[in-house]
Amino acid sequence: MADVLAAPQQAKTDASLRTLFGISAAHWVSHFQMLTLPMLFPFLKAQLGVGYIELGFALTVFAVVSGVTQAPLGYIVDHIGARKILLLGLCLGGLALVMLGLHVSYPWLIASAVLLGVANSVYHPANYAILSAHMDEARMGRAFSIHTFAGFLGGAMAPAVVAALVTVTGGSGALIACGAVGPLVALLLIAIGIPDAGANKHKTPGERALQQNIVTPTLIVLTMFFMLLGLSNAGISNFGVVALMSGYGTSFSTANIALTAFLGAGAVGVLAGGFLADRTHRHGQVAAACFAVNAAIVLVIATVTLPAILLTAAMTAAGFLGGVIAPSRDMLVRNAAPAGAAGRAFGIVSTGFNFSGIASPLLFGWIMDQNEPGWVFGVSALFMALTVLLALFTERKPRARAEHSNDKSDAFLNPIAGG
């Protein structure tokens with residue numbers, strides 16, 4: 001009898017693990033392909049005969065297209081189903097790179113950036129919709145953390161993998177190989193039977209009506225929250241090395257070690273944050289506490305010239321705390337989303353990251369042009385302090401959260417059958 005009762009539970013667990021693996025693989029692809037073009041800039045510059053301004057414009061096109069299409073694709077995910085959109089996104093991103101590898105020209109580079117931007121806007125609404133519908137509620141924070149960690153890993157692996165491919169196959173071959181990863185992972189998702197989520201056409205008119213008012217004050221605040229998170233991290237990630245070297249006399253090797261420690265600790269912090277997110281409902285307070293300490297650490301880096309060991313330790317702590325809040329950040333969005341509207345909710349708030357991706361290079365580049373490298377860290381600390389304030393306003397009231405949970409109770413009780 002015990003075996004009979006345990007079999008359905010084991011099957012449910014196995015299905016959840018397959019889903020988490022597949023969605024994490026897709027997130028790995030998104031971050032890996034996002035960095036493929038920047039890693040190939042030396043090749044593209046030589047082949048196209050253009051400058052870095054023209055190459056940088058392609059990245060701006062990518063960011064703008066991704067930002068503009070993120071929220072509409074969230075609606076599409078909820079309307080026709082996350083599974084179809086995710087598979088199409090993987091294939092579209094792959095097509096963009098393969099197309100450029102076969103036709104290396106500047107117009108094709110811009111076209112590739114446009115298609116990559118559309119493909120990139122698929123992953124957050126589709127991935128989070130599927131995870132929200134099919135993961136065990138008690139392990140939702142850890143599921144989000146593994147998903148986020150997979151993205152970190154894809155970005156971390158991109159430089160080494162692209163460099164190796166260029167050595168073996170040349171720049172065009174590297175583009176084609178990196179693009180082929182997308183359709184291959186799409187086939188993997190089909191093979192493991194990735195489940196669907198959303199598909200409002202299967203819901204009753206009453207259920208669809210409840211989901212019309214998706215743009216709530218909480219989601220607007222969370223979009224601003226995501227934007228501030230992106231701005232606070234972008235300054236350190238993209239300009240931290242040059243700021244440390246020019247403003248504090250830090251050596252190139254020390255500055256790079258400190259940045260590597262910041263990024264690596266962030267990945268570890270994401271995994272730790274998953275366990276924390278599963279053990280509390282106060283996700284806004286967790287985010288506020290972590291970023292308050294983070295702001296203090298970064299402010300110290302901005303105002304004091306630290307010796308190499310202390311600088312690396314401070315950057316490690318800042319990176320870890322920044323990573324810890326990621327699962328709580330995602331849980332805040334999930335808790336704020338109406339039932340069956342996770343795709344739209346994550347699509348809307350993720351535009352905050354896109355806005356920060358457009359604005360941060362201009363802002364921090366201007367700061368460096370003013371010969372004020374210390375303000376790279378000072379402004380980052382300011383954005384962190386503002387993030388603390390917003391985080392305290394993102395918690396749903398206990399009663400509202402309970403009502404929201406009751407609305408989703410059927411999906412939670414039968415997560416595999418849902419969607």
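This is a short dialogue on reading a predicted protein model.

Student: What should I know before I start?

Tutor: Residues are numbered from 1 along each chain as its sequence is written. The model is predicted, so local features need pLDDT of at least 70 and side-chain atom pairs count only at pLDDT 80 or more, while totals for chains, interfaces and linings use all residues; side-chain values use heavy atoms, leaving out hydrogens and water.

Student: Which helix has the highest mean pLDDT, and which the lowest?

Tutor: pLDDT is the predictor's confidence in each residue, from 0 to 100. Helices are DSSP runs (H or I, at least four residues), numbered from the N terminus. Helix α5 (residues 82–102) has the highest mean, 95, and helix α16 (residues 409–413) the lowest, 31. The protein chain averages 82. Over residues 397–419 pLDDT stays under 50. Where pLDDT is low, the predicted coordinates should not be read in detail.

Student: Where does the kink in α12 lie?

Tutor: The bend at a residue is the angle between axes fitted to the seven residues ending there and the seven starting there. In α12 a kink of about 30 degrees lies at A326, shortly before the proline P327.

Student: How many residues of α12 are buried?

Tutor: Buried means under 20% relative accessible area, exposed over 50%, partly exposed in between (1.4 Å probe, protein chains only). In α12, 21 of the 29 residues are buried.

Student: What about the phi of N371?

Tutor: Most residues other than glycine have a negative phi. N371 is not a glycine, yet its phi is positive, about 55 degrees. N371 sits in the loop between α13 (342–369) and α14 (374–391), and N371 is exposed, at 64% relative accessible area.

Notes:
Helix = DSSP H or I, 4+ residues; strand = E, 2+ residues; numbered from the N terminus. Contact = heavy atoms within 4.5 Å.
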